[in-house]
Amino acid sequence: KDQRKIEEIVFPWQQYKHSSPLKRQKRDWINRAAACLSSSPILRLFVANVNFIFFDTQIRSDRDKSLSLRYSVTGPGADQPPTGIFIINPISGQLSVTKPLDREQIASFHLRAHAVDVNGNQVENPIDIVINVIDMNDNRPEFLHQVWNGTVPEGSKPGTYVMTVTAIDADDPNAQNGMLRYRILSQAPSSPSPNMFTINNETGDIITVAAGLDREKVQQYTLIIQATDMEGNPTYGLSNTATAVIAVTDVNDNPPEFTAMTFYGEVPENRVDVIVANLTVTDKDQPHTPAWNAMYRMTGGDPTGRFTILTDPNSNDGLVTVVKPIDFETNRMFVLTVAAENQVPLAKGIQHPPQSTATVSITVIDVNESPYFVPNPKLVRQEEGLMAGSMLTTFTAQDPDRYMQQTSLRYSKLSDPANWLKIDPVNGQITTTAVLDRESIYVQNNMYNATFLASDNGIPPMSGTGTLQIYLLDINDNAPQVHPKEATTCETMQPNAINITAIDPDIDPNAGPFAFELPDIPASIKRNWTIVRISGDHAQLSLRIRFLEAGIYDVPIVITDSGNPHASSTSLLKVKVCQCDLNGDCTDVDRIVGAGLGTGAIIAILLCIIILLILVLMFVVWMKRRDKERQAKQLLIDPEDDVRDNILKYDEEGGGEEDQ
């Protein structure tokens, strides 16, 4: 039945190589595909009876009656790898199989048959032989995976696709041996129905056939899948099994529900970032998924936004937290309305409400608060020069604890850089302890800052600080001074101008422009010098006479400011008059400086000399004291300890030996 007719091969005329003058006729070779059962040792060949006759397992030529022929086959399976599967009897032409055949390894063999005489001359052209190995059902189906994993959402409708399982069979897929069929052998668990799934017996697609998938009741199903060849024939087919594990995935079919209708908490006033209440909910959906994660929001009771609700990612609790300070004297209690819902909306068709609501009652606890100064900072404008003991201002604080029984506040000084002020501890009255001076180093930009402390006697005691800013108004309390204090000029009139500047710590209108003049006494000042103002702050001093002997001169200059009333002072300008070169530079300034040492330099030299003399005197005294101590030690030596011979005296008169 499996024989196929193949192409007819026509061979041309050719000279037969023999001694007899025989001519060869045209021959028609018909080669039909032969079939052999897998694992059969004998090859069955069927061929038309034309010149070459193939019958059973033998090949013959119609010329073997007149000639002695030799038969052979070539090709894969004969003389090519895999060699030795097919052999032919060279005399009889019987073709045999020497090894079991496996269609799954080699499905067909293409051989070529040859016929030659005893001399090796080709009698006929070779013919092709195609041998198809007939498949036998010798392979079981094999699943690609022994365990298949799939998912299906809970609440899926019947007909929902779940997964596909696949098995393969090494046998011929075009024959019944390789045609597979699938079926479900068992389902575990069997609730709510033992047949929750079905499988397409040809494709292996698994789908749902029943409703009622609920992850909260059954989270996973295990199916045993069987694949059978021979188109599922249970008698002749070979089978194999695999496991399909189907996880029921969660959908949001359960909203969060508060465990109580009312929650309670308390918070001290003025505290922020404090958790005052834990809101607990239950949710039957899979934990730590968007269908389980709760989100909280306030729907009422907090118009000023003093609270917020955070979600604990581990417990799913709502943490009511204070984000703005709360004043007990203003609000003693809050009643909040809160709602909880999931991150994703509920699945369609769920009858439950999408959110749960509850109330939160929060009590505010009164605590001792710090006093505060009003205003803070406090600005006071005051003229400088205010005498010590004068009342400056009153700086008081307020205690926000209206419902606590406390005594009055006490005041103290916290910071007073110049130590100019003091505060009354009871009434907060500030008085001066020194003269206020705008030109002090502690005053910056006319402003002096002092800090005071107000304390209560609460439990625990609390205190608050306040800053008093004193803006000092300038008065004309400083006379101008000359700058610089020393200058150099030449003996002659040209060039001899000295530029000077007036310095006044006061500010407008108590400063410049300044008036410069020379005093009348002594008369030599105006006789030798003259001064001219060149601007509001600057003037020039120069020689009035043609020549002034080199030396150091103290020139008094009277400078008057523009204040009301005016302030003036006489400043001494030390002028060094020297001999100058053509460029106007002093040539004997060193001699003049050496000859004109100031009082301070002379005092410094005298002090050095006195210190040196004292050191020499102390050294001499120390040397004398050391000599005296050395002599005293020699007198204290015991005579018996003297290493020399002792002198013995006897009561003898007259001359005798003297021993030493």
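This is a walk through a predicted model, from its strands to its salt bridges and then to one helix.

Start with the sheets. Strands of a sheet pair through backbone hydrogen bonds, either parallel or antiparallel. Both kinds of pairing appear below.

Take strand β20, residues 239-249, as a first stop. Strand β13, residues 147-153, pairs with β20 in the parallel sense. Seven bridges hold that pairing. To find the register, look at W148, whose bridge partner in β20 is A244. Strand β19, residues 220-228, also joins β20. Here the two strands run antiparallel, over nine bridges. A227 marks the register on this side, with N240 of β20 as its bridge partner.

Next comes an open sheet of three strands. The order is β14-β18-β17, and the pairing is antiparallel. β14 (161-164) and β17 (197-199) are the edge strands; each has a single partner strand, so one side of each is left without a neighbour in the sheet. From one strand to the next, the twist averages 25°. Three bridges link β14 to β18, which covers residues 205-208. Y161 is a handy marker, because its bridge partner in β18 is I207. Move on to strand β38, residues 463-473. What lies on its covered face, and what on its uncovered one? The covered face holds G464, G466, L468, I470 and L472. The uncovered face holds S463, T465, T467, Q469, Y471 and L473. β38 pairs with strand β31, residues 378-383, in the parallel sense over six bridges. In that pairing, Q469 of β38 is the bridge partner of L379. β38 also pairs with strand β37, residues 447-455. This pairing is antiparallel and has nine bridges. F452 has G466 of β38 as its bridge partner. Q469 belongs to the uncovered face, while G466 belongs to the covered one.

A second open sheet has four strands. They run in the order β39-β41-β44-β43, with antiparallel pairing. At the edges are β39 (481-483) and β43 (529-533), and each pairs on one side only. The twist averages 35° from one strand to the next. β39 meets strand β41, residues 498-503, in the antiparallel sense over three bridges. V482 stands opposite A502 of β41.

Now turn to the charged side chains. The model has 14 salt bridges. One of them brings D135 and R103 together, at 3.1 Å from N to O. D135 lies in the loop between β11 (122-134) and β12 (142-143), and R103 in the loop between β9 (95-97) and β10 (108-117), so the pair ties together parts that are 32 residues apart in sequence. Are these two residues buried or exposed? D135 is buried, and R103 is buried too.

Another salt bridge involves R438. Its side chain meets that of E439 at 3.0 Å, N to O. R438 has a relative accessible area of 10%, so R438 is buried. E439, at 22%, is partly exposed. The cut-off for buried is under 20%.

R438 has a further salt bridge, with D474, at 3.3 Å from N to O. D474 sits in the loop between β38 and β39, and R438 in the loop between β36 (429-432) and β37. The pair links distant parts of the chain, 36 residues apart. D474 is buried, as is R438. Elsewhere, salt bridges with shared partners join R103, E104 and D135 into one network.

Finish at residues 601-623. The unreviewed UniProt entry lists this stretch as "transmembrane region". In the model, the stretch is 100% helix and 0% strand. Its end C-alpha atoms are 34 Å apart.

What forms the nonpolar patch on the surface? The residues are I602, I603, I605, L606, L607, I609, I610, I611, L613, I614, L615 and M618. Together they have about 1100 Å² of accessible area. L613 makes a good example. This residue lies in helix α3, residues 599-635. L613 has 56% relative accessibility, so L613 counts as exposed. The cut-off for exposed is over 50%.

Terms used: Residues numbered from 1 in each chain as written. Predicted model: local features only at pLDDT ≥ 70, side-chain atom pairs only at ≥ 80, totals over all residues. Heavy atoms only, no water. UniProt positions renumbered as here; feature names shortened; annotations may be inferred. Pairing = 2+ DSSP bridges. Axes fitted to C-alpha atoms, helices over the stretch in contact; angles between N-to-C directions. Patch = residues over 30% accessible without salt bridge, like charges linked within 9 Å, V, L, I, M, F, W, Y side chains within 5 Å. Areas by Shrake-Rupley, 256 points an atom, 1.4 Å probe, with all protein chains shown as cover. Salt bridge = Lys/Arg side-chain N within 4 Å of Asp/Glu carboxyl O. Buried < 20%, exposed > 50% of the residue type's maximum accessible area, 1.4 Å probe, protein only.
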